[in-house]
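Here are a few exercises to work through with the model open beside you. Try each one yourself before reading the solution.

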Amino acid sequence: MKKGFKAFSGAKVLKVLIITGEISGDLYGALLVRRIREINPSFHFIGIGGPRLRGSEVEVLFSAEALSLVGIPKPAELKKYLFIYRKIEEFLRKKKVDLVLLVDFPGFNLRIAKLAKNLGYPVIYYVAPQVWAWHKHRINHLKRYVDQLFVILPFEEDFFKNHGIPTRYFGHPLLDVVRVNLPRELFYEIYNLNPETPVVGFFPGSREIEIQRHLPLFIKVYKELKKRNSKIKGILCRAPGLKDSPFWEKAKEEFLILENMQYEVLKYSQASLLASGTITLEAALLQNPAVVTYYLPPWMYFLAKRLVKVPYISLPNLILNREIYPEILQDRSSPSELALALEKVMSEGESIKKSLLELRKALGAPGVTWKIAEEIVKFSQSLKNKP
């Protein structure tokens with residue numbers, strides 16, 4: 001425990017409602033819960049989360065997976081969404097907690113922020129909605145209903161402060177997470193890989209719908225690469241929690257498929273093909289030359305092009321404000337186009353790695369989650385001191 005904070009065995013338990021959604025938010029939330037408890041064990045967390053939050057001794061009311069919505073929700077999904085919202089409303093009206101901590105997941109959490117604030121709860125929001133890209137109207141929600149906003153991208157602090165929102169930036173929490181556990185020699189030995197064979201990583205996404213859209217394409221890209229260089233070995237990384245499906249059965253015929261080894265694959269592969277998301281930043285922190293792609297139904301892409309007001313979709317490119325990772329999207333993402341792009345980043349690997357060092361500097365220093373935890377504990381202490 002760091003100096004400046006004391007945890008007393010007889011201290012009043014401080015109850016916190018925490019709500020996370022996607023895999024990345026679930027990870028950041030679980031890390032934060034652990035760090036807060038290290039500073040002050042009298043915190044008790046209740047809420048909604050995924051597998052990591054459920055494994056952090058949080059009293060989980062609903063699983064985050066139950067709220068996973070992609071695209072236009074079906075009536076059954078909307079019904080479930082509204083049921084959970086009403087249960088959280090009922091919970092808050094009974095004054096069950098002292099503080100509301102919302103992590104990412106803006107479609108649901110901004111509604112909870114409004115609800116909680118109107119009921120008189122202090123609200124902390126961690127991992128800001130990307131209103132600088134789209135849904136700019138959400139700025140008004142943050143301004144009205146959030147007491148403290150913690151952001152994770154370097155340009156966000158000034159952006160939100162300029163809109164009158166109390167904002168703090170300490171760096172990106174992935175700096176505390178992204179590290180390999182196996183040395184190269186052991187990794188190659190365990191998975192029977194030849195050190196002389198070029199390895200390419202494939203990351204099709206963490207949602208079921210992303211797998212349906214990307215996995216058939218990724219198989220074709222790999223086959224195209226193999227035509228050009230039969231020695232290439234493809235490793236397909238499967239995100240935790242994904243269901244078995246015919247897509248995975250087909251992929252097993254082509255790839256070595258690994259779970260919970262994404263950092264080793266990124267560290268030791270010559271290049272990767274990434275479905276846009278948090279994985280792009282993880283790849284950049286491990287200095288992996290990569291190509292970014294994403295596919296949406298045509299009507300959804302048409303809307304996105306008109307709503308999203310940023311020049312890039314991948315976080316490394318956005319942060320550095322230039323294209324380090326080639327972005328090959330939608331109709332351009334043919335197997336041959338993606339294979340050519342992968343060959344190009346492999347040939348330019350050293351140059352790309354040097355550029356990515358700049359990104360790590362922009363994201364600050366490790367210890368990010370601890371600093372945010374300290375601020376939340378201070379904030380909670382200020383609540384106790386109010387008359």
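**Salt bridges and a helix pair**

E358 is partly exposed, at a relative accessible area of 39% (buried means under 20%, exposed over 50%, partly exposed in between, with a 1.4 Å probe and protein chains only). Before going on, note that this is a predicted model, where local features need pLDDT of at least 70, side-chain atom pairs count only at pLDDT 80 or more, and totals for chains, interfaces and linings use all residues. Residues are numbered from 1 along each chain as its sequence is written, and side-chain values use heavy atoms, with hydrogens and water left out.

**Exercise 1.** Find which parts of the chain R322 and E358 tie together.

*Solution.* Start with the contact: the two side chains, R322 and E358, form a salt bridge at 3.0 Å, N to O (a side-chain nitrogen of Lys or Arg within 4 Å of a carboxyl oxygen of Asp or Glu). Next, place the partners: R322 sits in the loop between helix 13 (315-320) and strand 13 (327-329), and E358 in helix 15 (residues 349-362), so the bridge ties together parts 36 residues apart in sequence. (Helices, H or I with at least four residues, and strands, E with at least two, are DSSP runs numbered from the N terminus.) Last, check exposure: R322 is partly exposed, at 31%.

**Exercise 2.** Work out whether E224 is buried or exposed, and do likewise for K227.

*Solution.* E224 has a relative accessible area of 19%, so it counts as buried. K227 reaches 68%, so that one is exposed. Their side chains still meet in a salt bridge, 3.9 Å from N to O. Both lie in helix 8 (residues 208-228), three residues apart, or about one turn of the helix.

**Exercise 3.** Describe how helix 4 and helix 5 meet.

*Solution.* First, the geometry: the axes of helix 4 (residues 106-118) and helix 5 (residues 138-145) come within 9 Å and cross at roughly 35 degrees. (Axes are lines fitted to C-alpha atoms, for helices over the stretch in contact; angles run from 0 to 180 degrees between N-to-C directions.) Second, the residues: on the helix 4 side they include L110 and K117, and on the helix 5 side L142 and Y145, with contact meaning heavy atoms within 4.5 Å.

Finally, look just past helix 5: D147 pairs with K117 in a salt bridge, the closest N and O atoms being 2.8 Å apart. D147 belongs to the loop between helix 5 and strand 6 (148-151), and K117 to helix 4, 30 residues away.
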